[in-house]
Every structure is written in C-alpha cells, then in structure tokens.
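Let's take a walk through this protein together, one piece at a time. Keep the 3D view open and turn it as you read.

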Amino acid sequence: MATIAAVEFNSWPAHYNFPPFFTLQPNRETQAKQLSIWIQLIKDYASKTRLFSIDHSHPIFTNTEISRSLTQEGISTIFDEMIRTSQGEYVDASKKDRIFIWWQSKEVWAKVLMQSAEKGGLLNSVATIYELLNDHTPLEGMEEAMLVKVLKVLEASGKCEVMGGAAGGSVEGVKFFM
Amino acid sequence: MRRRGVGVGAVKDLKAGQEKYKEKGNLLQENLIDELSRNLDQFKTKLEAFAAKHRSAIKKDAKFREHFQDMCATIGVDPLASSKGFWSEMLGMGSFYYEIAVQAVEVVLSTSHLNGGVMSLGELQNRLNKSRSKSLKQTEVSCEDILRAIKSLNVLGKSCGVIASGKSKSEYLIFCVPEELSLDNTTVVQYAAQSGSPFVTVDSICSNLGWTTQRADSVIKTLICEGIVWVDDTSRGRMYWFPSLFMANKGFD
C-alpha cells in the first residue's frame with residue numbers, strides 16, 4: 001500500500017482492499033468482526049513501526065488504491081472499542097481525538113521495563129524519564145505520558161517510586177526497588 | 001390312415017403335450033435365470049475385483065473417482081453413497097460423501113461471520129483440501145465431489161444448497177444459512193454472481209431484475225442482517241458487496 005511513506009509494513013489484512021471495510025457496518029455482528037480486524041491491524045502496524053499514538057488523520061485510515069477512507073464515525077468507534085478493551089487510552093480525554101495504542105498491555109510493558117532496569121543496574125538508584133526512553137532501550141520512542149502510566153503499574157505493586165508528577169507537574173525520575 | 005385324435009384319449013394326449021412344453025419352458029427359463037444370475041455374480045465379482053484393485057486410485061484420484069462413479073451409475077449402483085453393504089467394506093469409504101458434506105458445512109459455517117454463510121465453490125474446495133491435507137488419511141476432493149456431497153444434504157431442508165452461477169463450477173455458490181434463503185434472496189445472490197462484479201446497488205437490482213425499489217430494499221435488508229453483504233457508502237451512493245464473491249479465490253483470514 002503506497003499510502004504510508006517511509007514505513008515498511010506488509011501485513012495488510014485481506015479486508016484492507018475490501019471497500020466496505022471503510023464503512024462502519026450496520027449489522028452488529030459484522031461490525032464486531034470489522035472492528036476486531038481494524039484493531040488488530042492498528043496494533044500490528046503500531047508494533048511493527050513503533051507507533052505509540054494515533055489520531056483521526058493517520059493515513060492508515062485511507063486506502064488510496066481503492067479510493068476509500070474510513071469515516072470519522074468509524075474511527076471514533078474503533079477508538080472507543082480499543083479503550084473499552086484496554087487496548088487504547090485517550091491522550092486527552094476532553095478532546096478524544098488521539099489515543100495511545102497499547103499494542104501490548106501496560107502490565108507487559110511494566111514487566112519489560114523492570115527486566116531492563118535489572119539488567120541495566122538501575123535497581124535502588126534513581127533514573128530519569130529521559131534515560132528510560134533513550135535509544136536502544138525496550139521502551140524507546142514511547143511517549144512520556146505513556147511511560148508514566150507504566151510506572152504507575154510498577155508503583156502500585158511496590159516495585160518503584162515515581163518522583164515528582166504531583167499536582168499535574170512533570171515526572172522527574174523514578175527509583176526502582178529490588 | 002390315422003384318425004385325428006378325438007375323445008378322452010386325445011384330450012389326455014394333448015394335455016400331456018402341453019405339460020411337456022410347459023416343463024420344457026420352465027426349464028429353459030430356469031436356465032436363463034441361472035445364466036443371468038451367474039452373469040450378475042460374475043459381474044459383481046469383477047466389479048468388486050476392480051474396485052479392490054483400484055481402491056487407492058478411487059480414493060485418491062478425483063478424476064478416476066468421477067469415471068468410476070459414472071460407470072456405476074449406468075448400471076444403477078452408487079457405491080460411494082451408501083454407508084452400508086459390501087461397497088463400504090470393499091472401499092472403506094461408504095461414508096465418503098457424507099464426510100465431505102459434514103466438513104463442507106463446517107467450513108462454511110466457521111466463516112459465516114465473514115460472509116453470512118455464502119462461499120464460492122472454489123474457495124470452499126481450497127479450504128476443504130487445506131484442512132483435509134492436515135489429516136494424512138484424507139485425500140483431495142474435487143468440485144464434483146463437493147457438489148455431490150452438498151446435494152445429498154437436500155433431504156435436510158433448504159438451508160444448505162448450491163446456487164449455480166458463473167461460467168465455471170468454481171464460481172458456483174454454496175450456502176449454509178440459519179433460515180432458508182428465500183427465492184428473492186437467492187435471485188439477487190445469483191444475479192450478483194452472474195454479473196461478474198462483487199457488488200450490487202438497489203438501482204442495478206431494479207433495472208436488471210425489473211423489480212420495484214421496495215422489493216430490492218427488502219432483499220438487501222435481509223442480506224445485511226444475514227451478514228451476506230457488507231455496506232459500502234461512496235460518493236456515488238450505497239453499494240452492497242458480497243465478501244463471498246470478492247474473495248472467491250483469495251480467502252479471508
């Protein structure tokens with residue numbers, strides 16, 4: 001699909017060339033299937049290209065080869081379904097125009113982060129957010145707000161302490177525990 | 001000069017003669033029957049021997065199976081259809097078509113969330129052979145095998161069947177739906193399959209079938225409900241696509 005430049009992605013589902021795929025289906029069962037194919041596509045695409053958030057204007061929602069674009073209503077319905085099933089989260093719940101994509105769950109990310117902290121000798125010391133999102137870390141490229149959500153999971157189970165971030169301020173660092 | 005027989009004696013003679021003829025006739029008839037049944041026995045033995053000898057070819061080779069089936073049909077036996085008797089023992093495949101029918105229905109039903117239970121014969125054959133090849137014992141089936149198998153399901157009612165359409169057999173449509181397809185619904189599916197395009201519009205139905213908008217709308221509504229068509233809103237109006245026709249040979253996941 002030539003629509004999306006500079007990205008190598010070849011796992012388009014067969015439905016991507018099926019024109020009605022871009023119209024929200026009125027039949028409930030058909031729509032459920034349609035949404036699940038869309039969500040799988042978005043997650044596959046995101047994990048392959050390390051895309052952490054997506055909004056209505058993303059080119060994935062347009063297939064120029066068959067001249068079809070998913071309607072705004074369609075995109076909103078997909079976002080809602082992803083949020084309902086914990087596969088997505090609004091970046092700004094008051095705007096609802098953009099969502100974080102949990103192509104793997106927060107819990108899995110938390111495990112990955114913990115393992116990397118152990119390996120990197122970060123236990124019992126303070127690490128900056130910047131450090132954790134640095135190149136060549138498993139969370140490379142993740143948006144800061146998303147990382148904070150992952151850290152909250154670890155904090156809730158007593159594996160780390162987040163510093164700063166109170167009263168809407170930015171999170172400054174994190175201390176991991178053994 | 002001998003007088004022609006009159007009186008009791010002559011009647012007796014005549015009767016005796018007739019008895020003799022009758023006896024002879026019976027004997028001849030018996031011989032004939034004997035001969036015939038001997039022939040039949042021989043034929044049956046030969047057919048059995050043939051079947052036994054070519055057993056694996058019959059099971060493995062769809063083309064060979066078709067010829068064998070034709071040959072048997074001309075003398076009025078259908079060795080592959082019955083599940084009892086010496087044929088099933090001989091070939092170990094009496095339930096051959098029964099098995100295919102069950103598998104075919106399974107394949108169509110398992111994808112009904114995608115196509116509403118309508119699938120082209122070509123796709124069905126691909127999927128069936130793919131799933132059969134996983135089991136070593138099971139052999140490739142041809143389109144003819146599947147058609148024969150599906151037709152044997154007629155006794156179960158009208159919710160499974162074949163819509164003959166398109167030029168080749170692989171374009172025929174097989175359906176397994178919860179409610180039987182009404183005549184109007186079948187007509188629209190058939191029209192779509194024959195039109196060579198995987199979608200229809202209300203206008204195209206009306207102009208090609210000479211229907212009122214209302215009639216076309218009502219069929220479309222049912223087809224959407226059954227998941228047989230998907231809706232496509234375009235700048236040129238609504239189109240209704242058949243996943244079964246669109247994906248005839250590609251196959252959705």
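**A small sheet and what surrounds it**

Start in chain B, where three bridges tie β1(B) to strand β3 (residues 173–176), with the two running antiparallel. Keep in mind that what you're looking at is a predicted model. To find one of the links, look for Ser120(B), whose bridge partner in β3(B) is Leu173(B).

Now zoom out a little. These two strands belong to an open sheet of three strands in chain B, in the order β1-β3-β2 and with antiparallel pairing. Why is one side of β1 and of β2 left without a neighbour in the sheet? It's because β1 (118–120) and β2 (160–163) of chain B stand at the edges, each with a single partner strand. The sheet has a twist to it as well: ignoring direction, neighbouring strands are turned by 25 degrees against each other on average. As for what holds such things together, strands of a sheet pair through backbone hydrogen bonds, either parallel or antiparallel.

Next, look for the helix lying across β1 and β3 of chain B: that's α7 (residues 121–133), and it runs at about 85 degrees to β1(B).

Stay in chain B for a pair of helices. Helix α9 (residues 183–195) packs with helix α10 (residues 202–209) at an angle of about 95 degrees, and their axes are 11 Å apart. Angles from 65 to 115 degrees count as roughly perpendicular, so that is how α9(B) stands to α10(B). Which residues make the contact? On α9(B) they are Thr187(B), Val188(B) and Tyr191(B), while α10(B) brings Ser204(B), Ile205(B), Asn208(B) and Leu209(B).

Time to look inside. In soluble globular proteins, nonpolar side chains tend to be buried together. Here, the largest nonpolar core has 62 residues, and Phe61(A), Ile78(A), Met142(A), Leu151(A) and Phe176(A) have the most contacts inside it. Helix α1 (residues 28–49) of chain A gives the most to this core, with eight residues. Pick out Ile78(A): leaving aside neighbours within four places in sequence, its contacts include Leu35(A), Trp38(A), Ile39(A) and Phe61(A). There's also a second, separate core of 27 residues, and among them are Ile163(B), Tyr191(B), Val202(B) and Ile224(B). You've met Tyr191(B) already, in the contact between α9(B) and α10(B).

Finally, step back and take in chain B as a whole. It has 12 helices and six strands, and of its 253 residues, 39% count as buried. Its accessible surface comes to about 15,300 Å², with 54% of that belonging to carbon and sulfur atoms.

Note on methods. Residues are numbered from 1 along each chain as its sequence is written. Chains are lettered from A and ligands numbered from 1 in the order in which they are written. This is a predicted model: local features need pLDDT of at least 70, side-chain atom pairs count only at pLDDT 80 or more; totals for chains, interfaces and linings use all residues. Side-chain values use heavy atoms; hydrogens and water are left out. Two strands pair if DSSP finds at least two bridges between them. Helices (H or I, at least four residues) and strands (E, at least two) are DSSP runs, numbered from the N terminus. Axes are lines fitted to C-alpha atoms, for helices over the stretch in contact, and angles run from 0 to 180 degrees between N-to-C directions. Contact means heavy atoms within 4.5 Å. A nonpolar core is a set of buried Ala, Val, Leu, Ile, Met, Phe, Trp, Tyr and Cys residues joined through side-chain atoms within 4.5 Å. Buried means under 20% relative accessible area, exposed over 50%, partly exposed in between (1.4 Å probe, protein chains only). Accessible areas come from the Shrake-Rupley method with a 1.4 Å probe; for residues, only the protein chains shown count as cover. Angles under 35 degrees count as roughly parallel, over 145 as roughly antiparallel, 65 to 115 as roughly perpendicular and the rest as oblique.
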